[in-house]
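Reader: Could you walk me through the aromatic residues of this protein and the strands around them?

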Amino acid sequence: RYTEEGIYLFRQYDEIRIKRLQRLNAHTFNIISDNANKGIYPTVELDLTCIESHDFEILGRYLWSCGISK
């Protein structure tokens, strides 16, 4: 379930995606790529009232990142 803006694993139609979700209102999200190339990966608005309920499902939230320093 959505708790706050962050990176989520979700299913949109038949595609599994990992993107930043930002809730705009009760039924609208911005799907945001953290990739800097916004020409290829633009922010997309998803209106849940325009799709069937089974076409979108939040599977989990990204909670932690670990990096290796050089």
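Author: Happily; what follows is a short set of questions and answers on rings, core and strands. This is a predicted model, where local features need pLDDT of at least 70 and side-chain atom pairs count only at pLDDT 80 or more, while totals for chains, interfaces and linings use all residues. Residues are numbered from 1 along each chain as its sequence is written, and side-chain values use heavy atoms, with hydrogens and water left out.

Reader: How many aromatic pairs are there?

Author: Rings of Phe, Tyr and Trp (its six-membered ring) pair if their centres lie within 6.5 Å; planes under 30 degrees apart count as stacked, over 60 as edge-to-face and the rest as tilted. By that rule, the count is four.

Reader: Are the rings of Tyr 2 and Tyr 8 stacked or tilted?

Author: Both residues, Tyr 2 and Tyr 8, are buried, meaning under 20% relative accessible area (exposed is over 50%, partly exposed in between, with a 1.4 Å probe and protein chains only). Their ring centres are 5.4 Å apart and the planes lie at 25°, so the pair is stacked.

Reader: And which class fits the pair of Phe 29 and Phe 56?

Author: Phe 29 and Phe 56 are both buried. Their ring centres are 5.9 Å apart with planes at 35°, so this pair is tilted.

Reader: How many residues apart are Phe 29 and Phe 56?

Author: Strands here are DSSP runs (E, at least two residues; helices are H or I, at least four), numbered from the N terminus. Phe 29 sits in strand β3 (residues 28-32) and Phe 56 in strand β5 (residues 56-61), so to speak of the pair is to link distant parts of the chain, 27 residues apart.

Reader: Which elements give two or more residues to the largest nonpolar core?

Author: A nonpolar core is a set of buried Ala, Val, Leu, Ile, Met, Phe, Trp, Tyr and Cys residues joined through side-chain atoms within 4.5 Å. The largest one has ten residues, including Phe 10, Leu 21 and Ile 58. The elements giving two or more are β1 (6-12), β3 and β5.

Reader: Which residue stands opposite Phe 10 in β5?

Author: Two strands pair if DSSP finds at least two bridges between them. β1 and β5 pair in the antiparallel sense over five bridges. Opposite Phe 10 in β5 stands Ile 58.

Reader: Which residue of β2 is the bridge partner of Gly 6?

Author: β1 and strand β2 (residues 15-25) run antiparallel, joined by seven bridges. The partner of Gly 6 in β2 is Leu 21.
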